[in-house]
Amino acid sequence: MADIFDAYALADAWDEMFERPGEVRTAYEPVLAALQPIEPAELRFRADQMARAFTDRGVTYAFAGEERPWPLDLVPRILDALEWDLIQRGVAQRVRALEAYLADAYGPCRAFEDGVVPWRLLLNSPHFHRSAHGVEPPGGVRIHVAGIDLVRDEAGDFRVLEDNVRVPSGVSYVIENRRAMTRVFPSLFAEQHVLPVDGYAQKLLAALRAAAPGGIGDPRVVVLTPGPNNAAYFEHALLARLMGVQLVEGHDLVCRGNRVWMRTTRGEMPVHVVYRRLDDDFLDPLHFRPDSVIGCPGIMSAAMAGNVTLANAVGNGIADDKLLYTYVPDLIRYYLGEEPILPNVESFRPDEPGQLEAVLDQIDRLVIKPVDGAGGQGIVIGPKADRETLERTREAVIADPRGWIAQRPVALSTSPTLSGERMAPRHIDLRPFAVNDGNEVWVLPGGLTRVALQEGNLIVNSSQGGGSKDTWVLAEGPAEQRYEEVGGPLEKAPRQLGPDGAGTVVQEGAQQQ
Amino acid sequence: MNDVILSRIAEALTWTGRYVERADATGRILDAYLHRLLEDPWRDEDAACRSLYAILGVDAPDQHCDMQQVLDQLAFDARSTGSIEGALGAARLNARSAREAVSSEMWECLNSTWHALADQRTAARRTGGPYAYLELVRRRAALFFGLADSTMSRDDSWRFVVLGRSLERVDMTVRLLSVRVLDAAHAPDWPTLLSASGADEAYARVHGGFGDSPKVAEFLLLDRDFPRSALHALTTAEECLAALGRPRQDPARRPIGALRTHLEYLDSEALEAGLPTLLRDLQQACMASAEAVAEKFFPYQGPVEWAQEGA
């Protein structure tokens, strides 16, 4: 029998499933045992079936102008309880530190006075919005939702690659991936004790309601989307539906007297919390880009007057600036008095004295990133770049040292991924999602695992043709404990019975109408 | 806490209901005509096609027209909401922009239908018969409304879907009858009319045999129990409007209510004599009501414009 893992050759990186060739890691044993006997054709069939289901359900994304089914690989990515504990604590810690930084930067600015972070980092940031200064958000929360990107390095240690605290997206795919996997491999879930991901919407709604302006008994929450043409529209709609709140576009809202209303069939209704899924720049044409027609004029003034809460807060971009990223370990020590649980990737700051030269000297051995790039755009991978690109990058960095950071390249861990009819190692990362309700930073068990589908590729964004994996967090205890029987056995009610087949034949004449 | 719906969503839901109903009705009409054409040894393809164009309110071409042309225009033309494919495409887009208001099963039904149409269209061209295509449309329309019935709360969202469907239903029934009444030369015969309304079996059960008389018009307009009759659809539309909670002098409800009452007490002779007028009144009442609904519940919201100082 053909074995789909026959040709699996480990790459020069940490492999999630195999410790060394032929030796599977404990957590993956049941998955390997379930996958190995499946014929390649059967596996392909299931993959196609899944793609078809995604297309029908509209779980698609735009790639090169084409509507494609969301690419989910059949092999799950597994995190055991210990690994997850570390990630969860590390992510929550990071979010708490970034919250403290935002409160500080839009308030007393202690960290700048104390020299932990240089002033210019704040003042030069394109995401620093004066209009957000002095706004004290309800409950002190500015990061209601965060997505922290992690990678696993050659030694198997998780490291933070970047923080997303503006409008992180992708959580809908975590939910959809799980839904699809339970259908394609139902038996696997029966054997494994995988933590569920369907609690996300409830947690999010609770956090959003908790963020409402003070004194409002039953706050009305809405999700603000740029509209059906946005690449993440599917996610906006899913979250609105799961939370049972309205999905609004800019022109559904109207601002009057520093309050926000939505236009409904029963007149205008007040809105208290806006989970906005558009960038600061498009939110309010009166404050930001005047040419934007997808926002809502006046919403920023309403937020400043404290009558509506915007989630996430305006101006969060100063906290996920890639240059600030290099300071986060210091911020954790400064604000929280703790050691960072998850380390950064080793980084350089070209705008600091001495570091520019260090970066330029070894530019062919570093990864060079623009500080405000998104979706993997503008990243130059030194060891793989040609001479001309390197030269161009060198000039760009010299011209604007504040605009770039440099990092040691990390060979991201690999995971077996279906490629044609065989398994092949592909690089992956992980984006766990955190929700902050003001009391607790809750991290959704798992997160979005993205896969670079091309061999050797290190950039995993779906906008660059990446795939995804269902991410399983294994529970510690045995499954039986989680499904304890509640109460006694139900009393059996007698079933009402219709005429049986024999009776129908006898009474045929009488039954005709 | 979701006691209200956005105006934009209400409009999208109404049109979703309308477009799905339109696709369904158009499919039934095409099916009935095609069937008739094939069975009829004295068929006049050109005349039949012209009568189809007239029913669906599309300008007929000057030169001779054949069934393939009709199908291309009335079934497969994705650019026109007057064709099946265009109507389903528009229904899909409307449902998509109201995705948190329709249930995911409803959305999936429309979306997968949209994706499945292409295959059936190709097959229809290859085999020269659109039956599988038309059947798919009918089944999916039924599935869609069935899902609306079983997965949506009976709240305002649901009422807008049903309102849209009911108004479209009256419109389509009236269109069918109008051709028979106003242009008898090219008109379909009564049995074709019945099957184009999906009413042949229901009619047979009530009146026995197959219709060949103005009794068919009476059935399609006045039957209380048949869901595609004008009276039934008007009653449903009126119930929706009443539940949407408008004052008594509701300009959306009034034209419909007035006609519904009129139909309730109409006898057969009066119906036969006044049929042309009645059909015109019905069409106008539906249009007036739809306009009033739009004005009241979803006033036009174009892109917001504002003056920019110094710009």
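**Entry 1: the two chains**

How many residues of chain B are in contact with how many residues of chain A? I began with this question, keeping in mind that I am reading a predicted model, and I found that 32 residues of chain B are in contact with 37 residues of chain A.

I then looked up the buried area, since the size of an interface is often given as the accessible area lost when the parts come together. For chain B and chain A the buried area comes to about 3100 Å², and 50% of it lies on carbon and sulfur atoms.

**Entry 2: charges and polar contacts**

Next I looked up the salt bridges, and I noted a count of 4 between chain B and chain A. One that I wrote down in detail joins B:R8 to A:D252, where the closest N and O atoms are 2.5 Å apart. For polar contacts across the interface of chain B and chain A, I recorded 16 residue pairs, counted where both residues have a pLDDT of 80 or more.

**Entry 3: the side of chain B that touches chain A**

Which elements of chain B give two or more residues to the side that touches chain A? I found α1 (7–39), α4 (84–96), α5 (104–127) and α7 (156–182) of chain B in that role. Of these, α5(B) provides the largest share, with 6 residues. When I sorted this side of chain B by class, I counted 14 nonpolar, 9 polar and 9 charged residues.

**Entry 4: the largest cavity**

I turned to enclosed spaces and noted 2 cavities of 30 Å³ or more. The largest cavity holds about 80 Å³ of space, and I looked up which residues line this cavity. They are B:E21, B:A25, B:R28, B:I29, B:R169, B:M172, B:T173, B:L176, B:A196, B:S197 and B:R228. The elements giving two or more residues to this lining are α1 and α7 of chain B, and I had already met both of them on the side of chain B that touches chain A. By class, the lining of the largest cavity has 5 nonpolar, 2 polar and 4 charged residues.

**Entry 5: the second largest cavity**

What is the volume of the second largest cavity, and which residues line it? I noted a volume of about 30 Å³, with a lining made of A:P126, A:H127, A:R166, A:D320, A:D321, A:V371 and A:D372. Sorted by class, the lining of this second largest cavity has 2 nonpolar, 1 polar and 4 charged residues, with A:R166 and A:D320 among the residues listed for the lining.

Definitions and conventions. Residues numbered from 1 in each chain as written. Chains lettered and ligands numbered in written order. Predicted model: local features only at pLDDT ≥ 70, side-chain atom pairs only at ≥ 80, totals over all residues. Heavy atoms only, no water. Contact = heavy atoms within 4.5 Å. Buried area = accessible area lost by both parts, 1.4 Å probe. Salt bridge = Lys/Arg side-chain N within 4 Å of Asp/Glu carboxyl O. Polar contact = N/O pair within 3.5 Å; in protein donor to acceptor, adjacent residues only side chain to side chain. Helix = DSSP H or I, 4+ residues; strand = E, 2+ residues; numbered from the N terminus. Nonpolar A, V, L, I, M, F, W, Y, C, P; charged D, E, K, R; others polar. 1 Å grid on protein atoms, 1.4 Å probe; cavity = no way out; pocket = protein on both sides within 12 Å on 5 of 7 lines; lining within 4 Å. Points joined across faces, edges and corners; volume = space filled by probe spheres on them.
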